[in-house]
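I opened a fresh page for this one and kept my entries short. Come along as I look things up, one topic at a time.

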Amino acid sequence: MKNFGFVFLISGMLVAGIPAKAQQSASPEAVQLRVYNNALSLQDLGTAVQALHYLIAADSVKYGKYADTLAILYTQLGAYQPAYVLASRLLEQKGYSEWRMQVKAVSAKNLNAPIDAINAYSELFNKTNKPVYGMELLQLEYAIRRLGEAVGTGNKLLQVLPANDSTKVRMARLNQNAMQWVPMRASIHNILGLSYLDLQDKTNAVLQFEAALKEDPEFDQAKNNLNVAKSVSAGTDTKP
């Protein structure tokens with residue numbers, strides 16, 4: 001089962017270009033401000049990171065607010081270790097913000113630190129009720145077999161997901177060489193079914209896989225898992 005693809009969006013407020021007024025001086029900081037703005041306009045995130053490091057080192061009071069931007073840029077670059085460390089530091093020193101916790105969650109996940117990622121996504125989901133965070137949390141909980149927590153998260157997700165939600169999740173087909181897009185609601189039911197199956201609750205597992213197929217009758221994984229659940233219920237040893 002493939003993880004739900006998480007698209008990390010750069011906040012316009014956080015990475016917006018520094019006002020032109022600040023560029024009028026010929027000081028070293030003003031030069032770095034121009035470097036930063038020019039790098040952003042070219043999507044040269046590596047150079048933008050270097051410029052921000054210079055500015056923050058030159059005047060941590062005046063430019064310290066750009067530490068959040070730096071953490072986000074690190075995440076965009078796939079530099080998850082410094083992103084994680086910086087986000088954790090900012091959360092400790094300056095308190096919670098959705099962006100800081102999101103950087104920490106995404107970085108922890110990509111650093112294969114599932115417990116840290118679960119804790120971060122759990123806080124995000126509890127504070128915002130955004131399904132994208134709940135979906136990440138659900139997949140992480142099931143991946144390390146926190147089955148009771150996965151059931152709780154999955155059921156909460158179904159409650160907060162709008163009835164007309166059209167979000168799709170990219171999932172692997174059975175042969176693992178192809179992918180298919182399925183409704184998020186179908187994916188939630190499928191993971192709930194797997195969780196119930198692992199908890200030896202065959203009845204609820206079957207109900208969840210049937211619910212997944214009601215959302216998308218062509219959902220390969222749910223079809224297979226439903227057959228497995230019915231086989232297990234009949235006393236066979238087949239596993240998903």
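**Entry 1: charges over rings.** I began with a rule: a charge sits over a ring if NZ of Lys or CZ of Arg is within 6 Å of the ring centre and within 35 degrees of the ring normal. With that in hand, I looked up Lys127 and found its charged end over the ring of Tyr96, 4.7 Å from the centre. I then turned to Lys156, which lies over the face of Phe125 at 4.5 Å from the ring centre.

**Entry 2: how far to trust it.** I reminded myself that this is a predicted model. The mean pLDDT of the chain is 88, and 85% of its residues reach 70 or more. I marked residues 1-14 in my margin, since pLDDT stays under 50 there. For that stretch the model has 46 contacts beyond four places in sequence.

**Entry 3: aromatic pairs.** How many aromatic pairs does the structure hold? I noted two. In one of them, the rings of Tyr121 and Tyr133 have their centres 6.4 Å apart. Their planes meet at 40°, so I wrote the pair down as tilted. This pair links distant parts of the chain, with Tyr121 in helix α8 and Tyr133 in helix α9, twelve residues apart. I checked the surroundings of both and found Tyr121 and Tyr133 buried.

**Entry 4: salt bridges.** I found seven salt bridges in the structure, and I followed up three here.

I started with Glu98 and Lys130, whose closest N and O atoms are 2.7 Å apart. Glu98 belongs to helix α7 (residues 98-110), while Lys130 is in the loop between α8 (114-128) and α9 (131-143). The two are 32 residues apart, and I noted that they link distant parts of the chain. Glu98 is partly exposed, with a relative accessible area of 24%. Lys130 is also partly exposed, with a value of 35%.

Next came Glu136 and Lys109, a salt bridge with its closest N and O atoms 2.6 Å apart. Glu136 lies in helix α9 and Lys109 in helix α7, so this pair ties together parts that are 27 residues apart in sequence. Are these two partners buried or exposed? I found Glu136 buried, and Lys109 too.

My last pick was Arg146 with Glu149, where the closest N and O atoms are 3.3 Å apart. Arg146 counts as partly exposed because its relative accessibility is 26%, a value between the 20% and 50% cut-offs. Glu149 is partly exposed as well, with a relative accessible area of 38%.

**Entry 5: helix α11.** I wanted to see whether the length of α11 adds up. At 1.5 Å a residue, its 15 residues should span 21 Å. The end C-alpha atoms are 21 Å apart, which agrees. How many of its residues are buried? I wrote down 14 of 15, so α11 is mostly covered. After the helix comes Gln200, whose phi is positive, near 65°.

**Entry 6: two residues of α11.** I picked Leu192, which lies in this helix (residues 184-198). Leu192 is buried, as its relative accessible area is 0%. What does Leu192 contact, leaving aside neighbours within four places in sequence? I listed Ala150, Val151, Gly154, Asn155, Leu158 and Gln208. I also looked up Leu147: its C-alpha is 8.9 Å from that of Leu192, although the two are 45 residues apart in sequence.

I then moved to His189, also found in helix α11. His189 is buried, with a relative accessible area of 12%. Leaving aside neighbours within four places, His189 is in contact with Leu158, Gln208, Ala211, Ala212 and Glu215. Leu158 and Gln208 had already turned up in my list for Leu192.

**Entry 7: a look at α13.** I closed with Lys230, which lies in helix α13 (residues 220-233). At 43% relative accessibility, Lys230 counts as partly exposed. Which residues does Lys230 touch, not counting those up to four places away in sequence? I noted Val206 and Glu210. Lys230 and Val206 are 24 residues apart in sequence, and 6.9 Å apart in space, C-alpha to C-alpha.

How values were computed. Residues numbered from 1 in each chain as written. Predicted model: local features only at pLDDT ≥ 70, side-chain atom pairs only at ≥ 80, totals over all residues. Heavy atoms only, no water. Helix = DSSP H or I, 4+ residues; strand = E, 2+ residues; numbered from the N terminus. Buried < 20%, exposed > 50% of the residue type's maximum accessible area, 1.4 Å probe, protein only. Contact = heavy atoms within 4.5 Å. Salt bridge = Lys/Arg side-chain N within 4 Å of Asp/Glu carboxyl O. Expected span 1.5 Å × (residues − 1). Phe/Tyr/Trp six-rings, centres within 6.5 Å; stacked < 30°, edge-to-face > 60°. pLDDT = per-residue confidence, 0-100.
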